[in-house]
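Visitor: I would love a close look at a single part of this protein, taken slowly and in plain words. Could you choose one and walk me through it?

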Amino acid sequence: MNRLEKFIRGHSKSILALGLILVLFSVSRLPALSMAERDAIASRFAFTRFPLPELENQPYQVERPTNPSLSRHSGWISAVGAAVALGDLDGDGWDNDLCHVETQSNQVIISPVPGTGNRYQPFTLNVTDFDYNDQTMAPMGCIPSDLNEDGLRDLLVYYWGRTPIAFIKQDQGYLQQQISQKREKWYTNAATFSDLDGDGHPDLIIGNYFQDNAEILDVNSQKIEKMQDSMTRAYNGGKNRVFLWSDASTTGVTYQEVQDAFEEKIAHGWTLAVGTADLDGDLLPEIYFANDFGPDRLLHNRSTRGHLQFALLEGQKGLTTPNSKVLGHDGFKGMGVDFGDINHDGLLDIYVSNIASEYALEESHFLFTSTGETEKMSRGIAPYVDKSEPLGVSRSGWSWETKFGDFDNDG
């Protein structure tokens with residue numbers, strides 16, 4: 001027996017183990033684009049960066065003051081609130097106006113899109129008609145929409161520390177209106193308008209984060225605030241709500257809050273984003289809640305006029321599908337959601353942005369593509385499979401929001 005044979009026999013187990021490791025490593029490596037492939041794709045796109053307008057002589061903060069019981073989380077709490085939306089706010093027929101939240105000054109700023117002309121001077125939307133304490137409240141987002149259906153674009157602003165406020169567009173300025181008459185402290189991170197009951201009017205969905213009536217931003221509070229009760233299955237967040245459109249005039253709009261629109265685990269997820277789209281072609285939009293610290297929720301809309309009804313949809317696990325890749329079974333971040341027909345089957349697919357950075361609680365983004373089996377939705381099954389990895393959109397970085405758009409005009 002020569003030396004080689006002795007070595008192989010003496011180390012056969014180690015050699016076998018090493019071989020298995022190398023095989024498993026090769027099949028488990030994530031696919032990656034070469035630099036040439038990256039350059040070829042990137043060559044189709046070109047963007048110019050413009051700074052968002054700011055107002056002069058404003059005090060800036062780098063970290064939000066917080067409840068003393070949350071002082072160790074102040075940096076994390078300061079990470080939310082940056083938001084921007086486009087709309088036609090000056091009535092020129094173009095969506096060339098900006099409504100953005102400047103977190104360093106807690107301002108909602110209205111301005112022309114840079115490069116579209118100095119049509120008016122940037123200004124702030126300040127709450128003047130209702131209780132507002134800039135020491136315990138902060139804006140989180142702004143939505144342009146014709147709330148009272150008079151042909152003018154109004155604005156909805158939602159906050160941490162109070163209920164949302166509608167700014168109804170007038171010939172000169174805005175009239176302010178509270179959406180809810182409750183004197184409650186909500187911590188709203190997401191909102192959207194959608195005709196949920198098919199009556200032709202836009203209803204309002206509110207996604208809340210911290211528990212209602214918490215004192216998150218009050219540095220003088222003696223209250224010990226609660227955080228999520230699980231990193232992956234937390235259902236103790238603020239209450240998600242629906243307001244049905246009721247009536248409108250030139251000076252305002254009336255909504256009726258639907259009590260207990262969602263079951264408890266859906267209503268009290270830690271919601272970071274909400275989106276709606278008609279996924280089964282019945283002209284009623286489904287709702288997708290993207291949640292922190294727990295699974296996202298896709299709700300099948302089974303409503304009739306004036307009466308809301310939703311059913312939870314969940315995907316089906318395959319033999320090689322990780323739990324977190326099954327719709328409704330993910331476990332950590334869900335920070336943005338949008339809809340687009342990726343596979344050209346005439347049905348909308350769902351893209352969800354998450355934390356997708358290495359060494360940063362990486363879960364991956366999701367691209368839930370439709371299987372076309374919409375009839376399964378009546379049985380509580382979400383007919384979607386995640387294709388984010390093979391389609392190359394699973395990983396990038398921290399993605400707080402996501403939007404589909406035809407940026408290179410290829411149709």
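Guide: Two strands count as a pair if DSSP finds at least two bridges between them. Keep that rule in mind, and remember too that this is a predicted model. The part I have chosen is strand S3, which covers residues 107–112.

Let us get our bearings before zooming in. The protein has 411 residues, and 47% of them are buried. Its secondary structure consists of five helices and 20 strands. Measured out along the principal axes, the C-alpha trace spans about 95 × 50 × 50 Å. Among contacts between residues at least 6 apart in sequence, 55% join residues at least 24 apart.

Now find S3. This strand belongs to an open sheet of four strands, in the order S1-S2-S3-S4, with antiparallel pairing. Strand S1 (83–87) and S4 stand at the edges, and each has a single partner strand, so one side of each is left without a neighbour in the sheet. S3, in contrast, sits between S2 and S4 in the strand order.

Start with the S2 side. Strand S2 (residues 97–102) runs antiparallel to S3, and six bridges join the two. To see one of these partnerships, look for valine 101, whose bridge partner in S3 is valine 108. S2 and S3 form a hairpin, with four residues between them. In that turn you will find asparagine 106, which has a positive phi of about 55 degrees.

Next, cross to the S4 side. Here two bridges join S3 to strand S4 (residues 123–124), again running antiparallel. That number meets the rule we began with, under which at least two bridges make a pair. Both residues of S4 can be matched with a residue of S3: isoleucine 110 stands opposite phenylalanine 123, while isoleucine 109 stands opposite threonine 124.

How many of the residues in S3 are buried? Six of its six residues are, so the strand is described as mostly covered; here buried means under 20% relative accessible area. It helps to think about the two faces as well. In a regular strand the side chains alternate between the two faces of the sheet. You can follow this along S3: Gln107, Ile109 and Ser111 point one way, and Val108, Ile110 and Pro112 point the other way. The residues on both sides are buried.

It is useful to set this beside another hairpin, made by strands S7 and S8. Strand S7 (residues 165–169) is joined to S8 by five bridges, and the two run antiparallel. Lysine 169 has tyrosine 174 as its bridge partner in S8. Four residues lie between these strands, and glycine 173 takes a positive phi near 80 degrees. Strand S8 (residues 174–178) is also mostly covered, with four of its five residues buried.

A second four-stranded open sheet is worth a glance too. Its order is S13-S14-S15-S16, with antiparallel pairing. Strand S13 (270–277) and strand S16 (310–313) are its edge strands, each pairing on one side only. Neighbouring strands in this sheet are turned by 25 degrees against each other on average, direction ignored. Seven bridges join S13 to strand S14 (residues 286–292), which run antiparallel. Within that pairing, valine 274 stands opposite phenylalanine 289 in S14.

Follow the chain on from S14 and you come to phenylalanine 293, in the loop between S14 and strand S15 (297–301). Its phi is near 60 degrees, a positive value in a residue other than glycine. Is phenylalanine 293 buried or exposed? With a relative accessible area of 4%, phenylalanine 293 is buried.

Asparagine 57 makes a nice contrast. This residue lies in the loop between helix H3 (35–42) and helix H4 (74–77). Asparagine 57 has a positive phi of about 60 degrees although it is not a glycine. At 77% relative accessibility, asparagine 57 counts as exposed.

To return to our chosen part, the picture of S3 is this: six bridges link it to S2, two link it to S4, and its six residues are buried.

How values were computed:
Residues are numbered from 1 along each chain as its sequence is written. This is a predicted model: local features need pLDDT of at least 70, side-chain atom pairs count only at pLDDT 80 or more; totals for chains, interfaces and linings use all residues. Side-chain values use heavy atoms; hydrogens and water are left out. Axes are lines fitted to C-alpha atoms, for helices over the stretch in contact, and angles run from 0 to 180 degrees between N-to-C directions. Buried means under 20% relative accessible area, exposed over 50%, partly exposed in between (1.4 Å probe, protein chains only). Contact means heavy atoms within 4.5 Å.
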